[in-house]
Number of protein chains: 2
Amino acid sequence: MPSTATLPTDIERAVRTRLGDRAARFTPTRRAVVAELAAAEGPLTPADLLRRLGARVPVSSLYRTLATLDEGGIVHRTHDAEGITRFELAEWLNGHHHHLVCVGCGEVRDIEINGDWESTIAALVGRVAAASGYAVSGHRIDIEGTCTRCAEN
Amino acid sequence: MPSTATLPTDIERAVRTRLGDRAARFTPTRRAVVAELAAAEGPLTPADLLRRLGARVPVSSLYRTLATLDEGGIVHRTHDAEGITRFELAEWLNGHHHHLVCVGCGEVRDIEINGDWESTIAALVGRVAAASGYAVSGHRIDIEGTCTRCAEN
DNA sequence: GTCCCTTTCGAGAACGGTTCTCATTCTAGT
DNA sequence: ACTAGAATGAGAACCGTTCTCGAAAGGGAC
């Protein structure tokens with residue numbers, strides 16, 4: 001029963017419902033993983049999660065848990081610059097946001113963009129994609145730079 | 001000496017010079033890889049390249065070639081939704097562009113955005129990142145959608 | 001051309017993150 | 001309690017990628 005972070009009740013309820021719809025249980029491990037993701041400032045790697053959960057969770061269970069949550073649309077899977085998988089709560093739980101990526105240490109941090117800009121971007125994205133015949137379902141912006149910590153070296 | 005695609009002379013010259021600066025040769029395999037990347041409509045996986053080069057290039061050589069070209073700043077390494085590596089010519093050879101990603105088949109295609117939009121985005125990106133203390137070095141936009149081929153199913 | 005030095009190459013082993021297998025344990029509903 | 005389905009833990013298997021090492025090739029000096 002690992003749990004380092006506390007889980008906001010609204011997310012708790014939403015996830016429990018979503019899992020219930022799929023005849024899946026909201027087990028302690030799943031809850032702990034969701035809690036860590038909810039508390040994180042950006043998407044986490046499985047290794048990050050193992051560290052934060054105190055390695056009480058076996059590797060295979062963690063991956064399976066993440067796969068289950070992914071299939072249930074609760075988490076979203078991305079990949080960082082090194083190609084390793086990172087998980088974050090899905091947009092309907094976490095809100096629409098983008099990523100700031102440090103080219104030095106690889107840290108990924110969530111950022112939100114003011115709504116006006118966001119709708120400008122959405123319009124642009126729709127237009128561009130339509131010209132190529134794609135049916136747009138979303139977009140993702142990664143801003144690359146050097147974080148303050150890495151800049152000091 | 002695999003070569004399926006022809007290499008534009010301007011790229012040819014630029015790459016040859018860049019390699020020469022690093023005391024590296026522009027061997028047939030390297031040329032063939034660059035030619036394939038130059039001819040592609042989007043970033044390619046090592047597997048894509050092996051296929052296009054007719055498997056005349058051994059896996060280890062391909063990866064080494066790509067690493068060499070990467071170190072020389074000739075190609076750029078990204079990762080697709082499945083986490084596998086994709087290579088494309090670096091921006092100074094290929095121009096600044098973004099990616100259209102098909103959520104169905106995983107295909108990645110280059111798209112260019114009109115210059116006004118691009119500078120709007122650059123301004124936004126700079127502003128947002130500065131607020132977080134990051135020193136911005138670039139940005140990347142992936143537009144997710146369904147390609148026409150996948151939409152037909 | 002031939003020698004030498006360095007770079008490149010090919011084949012296969014090694015690696016590391018992720019997934020799979022399977023036997024065991026848990027849980028909810030009866 | 002009993003049982004069927006779900007979840008778990010340990011380890012093997014997988015697969016994309018990197019490393020190792022001996023052989024081959026390129027380029028300059030003579």
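This is a short tour of a predicted model with two protein chains and two DNA strands, taken one selection at a time.

**Stop 1: chain A by itself**

Begin by showing chain A alone and colouring it by secondary structure. You should find 7 helices and 5 strands. Walking from the N terminus, the elements come in the order α-α-α-α-β-β-α-β-β-α-β-α. For a sense of scale, the C-alpha trace of chain A spans about 50 × 45 × 25 Å along its principal axes.

**Stop 2: bring in chain B**

Now switch on chain B. How is chain B related to chain A? A turn of 179° with a shift of 0.0 Å along the axis lays chain B on chain A, with an RMSD of 0.1 Å. That is the relation of a two-fold axis. To find the axis in your viewer, select B:Ile141: in chain B, its C-alpha is the one nearest the axis, 2.2 Å from it.

**Stop 3: where the chains meet**

Stay with the two chains and select the residues at their interface. Here 30 residues of chain B are in contact with 30 residues of chain A. On the chain B side, the elements that give two or more residues are helix H6 (115-131), strand E5 (135-146) and helix H7 (148-151). Which of them gives the largest share? That is E5(B), with 12 residues. Colour this side of chain B by residue class and you will get 16 nonpolar, 11 polar and 3 charged residues. The copies meet through the same surface, because 100% of the interface residues of chain B are also interface residues in chain A.

Next, zoom in on residues 135-146 of both chains. Strand E5 of chain A and E5(B) run antiparallel and are joined by 11 bridges. For a landmark on this pairing, pick A:Gly138 and look across to E5(B), where B:Glu144 stands opposite.

**Stop 4: a helix pair in chain B**

Hide chain A for a moment and select residues 28-39 of chain B, which form H2(B), along with H4(B), residues 59-71. The axes of these two helices come within 10 Å and cross at roughly 75°. An angle of 65 to 115 degrees counts as roughly perpendicular, so H2(B) and H4(B) are roughly perpendicular to each other. Show side chains to see who makes the contact: B:Thr29, B:Arg30, B:Val33 and B:Val34 from H2(B), and B:Ser61, B:Thr65, B:Leu66 and B:Leu69 from H4(B). By class, this contact has 4 nonpolar, 3 polar and 1 charged residues.

**Stop 5: DNA strand C**

Bring everything back and select the protein around DNA strand C. Of the 18 residues there, A:Ser60, A:Thr85, B:Thr27, B:Ser60 and B:Ser61 come nearest. H4 of chain A, together with H2 and H4 of chain B, are the elements that give two or more residues to this surface. H4(A) supplies the largest share, 4 residues. The surface near DNA strand C divides into 9 nonpolar, 7 polar and 2 charged residues.

**Stop 6: DNA strand D**

Finish with the other DNA strand. Which residues come nearest to DNA strand D? Of the 20 around it, they are A:Ser60, A:Ser61, B:Ser60, B:Tyr63 and B:Thr85. The elements giving two or more residues here are H2 (28-39) and H4 (59-71) of chain A, together with H4 (59-71) of chain B. By class, the surface near DNA strand D has 9 nonpolar, 7 polar and 4 charged residues.

How values were computed. Residues numbered from 1 in each chain as written. Chains lettered and ligands numbered in written order. Predicted model: local features only at pLDDT ≥ 70, side-chain atom pairs only at ≥ 80, totals over all residues. Contact = placed C-beta atoms within 7 Å. Nonpolar A, V, L, I, M, F, W, Y, C, P; charged D, E, K, R; others polar. Pairing = 2+ DSSP bridges. Near = placed C-beta within 6 Å. Least-squares fit on C-alpha atoms with pLDDT ≥ 70 in both. Axes fitted to C-alpha atoms, helices over the stretch in contact; angles between N-to-C directions. Parallel < 35°, antiparallel > 145°, perpendicular 65-115°, else oblique.
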